[in-house]
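Here is a friendly walk through one protein model for someone meeting it fresh. Have a look at the picture, then read on.

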Amino acid sequence: MGSQGNITHVIFDLDGLILNTEILYDVAIQKILDRFDKSYTYDLKMKVMGMKYHKSMELIQKELDIPITAEELVTKSMNNLKELFMKCDTMPGAEKLIRHLKKHGIPMCIATGSSSKDFELKTHSHKDMISLMEFTVRSDDPEVKHGKPDPDIFLLAKSRFKTPPASSANCLVLEDAPNGVKAALAADMKCVMVPDPRLENIPPAHVVLKSLEDFSPESFGLPPF
């Protein structure tokens, strides 16, 4: 991993990057689709991953042409997810990296497509780790006009740091979803992607890793482990 510039601020995605929640969405959504003999395919998942949740349900409803509204999909899937969220684990390498950056005084935040309600459920068992972030930006923030792949959420995050970065190029976004990578690049930020291993069409992130355990902070001008 060659030199990737001078990073001063780090922005984390949540689902599939810090917390292992993506499989939970698969289970919750497929449970609903079983009633209609439809499948939540991997290709469809890649299309909606990183979007605002209601927007993703609209796309699923349209793509599968099922006799249920997007609103009903949201309600039913969230009912399925509530208990699952409370038990979600961290992704490999995530907590180690967060604590390392905090130890060295690197400003960090979370910018997630999750709503505030969902965020609280998912992070219920990880409040100590999440508290190390300077702040979080969630999909229902009134200043987030458009979800990923638009850059709104990352540009908003950049503006909210107590000590703002000199430029977008000094921000590093850590993502797992293609839509998140597109949003980071649209914001002119550096991006490390940790994709689902099944993903075939990898977007042009600056660095692609199998796991955050493989991340080398010094490659971005950050303190080494």
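What follows goes from the whole chain down to a few single residues.

**The whole chain**

Keep in mind that this is a predicted model. The chain holds 9 helices and 6 strands. Its radius of gyration is 17 Å, close to the 17 Å that the globule rule gives for 225 residues, so the chain is as compact as a globular protein of that length. If you lay the C-alpha trace along its principal axes, it spans about 50 × 35 × 30 Å.

How much of the chain is buried? Buried residues account for 54% of the 225 residues. On the outside, the chain exposes about 10,400 Å², and carbon and sulfur atoms supply 51% of that area. Contacts tell their own story: of those between residues at least 6 apart in sequence, 65% join residues at least 24 apart. As for charge, there are 28 positive and 32 negative side chains, and the centres of the two sets lie 3 Å apart.

**Rings that meet**

Now for the aromatic side chains. The count comes to 4 aromatic pairs. One of them is formed by Tyr25 and Phe85, which meet edge-to-face, with 5.6 Å from centre to centre and 65 degrees between the planes. This pair links distant parts of the chain: Tyr25 sits in helix 1 (residues 22-33) and Phe85 in helix 4 (residues 70-85), 60 residues apart. Both Tyr25 and Phe85 are buried. Phe215 and Phe220 go about things in another manner: their ring centres are 5.7 Å apart and their planes lie at 20 degrees, so this pair is stacked. Phe215 and Phe220 are both buried too.

Which residues make up an aromatic cluster with Tyr25? Tyr25, Tyr53 and Phe85 form one cluster together.

**Helix 9 and its cover**

Move along to helix 9 (residues 178-186), where Pro178, Asn179, Gly180, Val181, Ala183 and Ala184 are buried. What covers them? The cover includes helix 2 (42-48), helix 8 (152-160), strand 4 (171-175) and strand 5 (190-193). So both helices and strands have a part in covering the buried residues of this helix, with strand 4 and helix 8 among them.

**Backbone oddities**

A bit of background helps here. Most residues other than glycine have a negative phi, and most peptide bonds are trans. With that in mind, a few places in this chain deserve a look.

The peptide bond from Lys148 to Pro149 is cis, with omega near 20 degrees. Pro149 has its place in the loop between strand 3 (135-137) and helix 8.

Two aspartates have a positive phi. For Asp65 the angle is near 50 degrees, and for Asp188 it is near 65 degrees. Asp188 comes after helix 9. Are these two residues buried or exposed? Asp65 is exposed, with a relative accessible area of 63%, and Asp188 counts as exposed at 58%. The table sets out where they sit.

| Residue | Phi | Relative accessible area | Loop |
|---|---|---|---|
| Asp65 | near 50 degrees | 63% | between helix 3 (53-64) and helix 4 |
| Asp188 | near 65 degrees | 58% | between helix 9 and strand 5 |

**Two residues to find**

To finish, try locating a couple of single residues, beginning with Ala94. Ala94 lies in helix 5 (residues 94-103). At 0% relative accessibility, Ala94 counts as buried. Which residues does Ala94 touch, leaving out those up to four places away in sequence? Its partners are Leu17, Ile18 and Leu212. Take Leu17: Ala94 and Leu17 are 77 residues apart in sequence, yet their C-alpha atoms are 7.2 Å apart in space.

Then there is Glu71, whose place is in helix 4. Glu71 is partly exposed, with a relative accessible area of 47%. How far apart are the C-alpha atoms of Glu71 and Lys182? They are separated by 26 Å, and along the chain the two residues are 111 residues apart.

Note on methods. Residues are numbered from 1 along each chain as its sequence is written. This is a predicted model: local features need pLDDT of at least 70, side-chain atom pairs count only at pLDDT 80 or more; totals for chains, interfaces and linings use all residues. Side-chain values use heavy atoms; hydrogens and water are left out. Helices (H or I, at least four residues) and strands (E, at least two) are DSSP runs, numbered from the N terminus. The radius of gyration is taken over C-alpha atoms; the globule rule is 2.2 Å times the number of residues to the power 0.38. Buried means under 20% relative accessible area, exposed over 50%, partly exposed in between (1.4 Å probe, protein chains only). Contact means heavy atoms within 4.5 Å. Accessible areas come from the Shrake-Rupley method with a 1.4 Å probe; for residues, only the protein chains shown count as cover. Lys and Arg count as positive and Asp and Glu as negative; His and the chain ends are not counted. The place of a charge is taken as NZ of Lys, CZ of Arg, CG of Asp or CD of Glu. Rings of Phe, Tyr and Trp (its six-membered ring) pair if their centres lie within 6.5 Å; planes under 30 degrees apart count as stacked, over 60 as edge-to-face and the rest as tilted.
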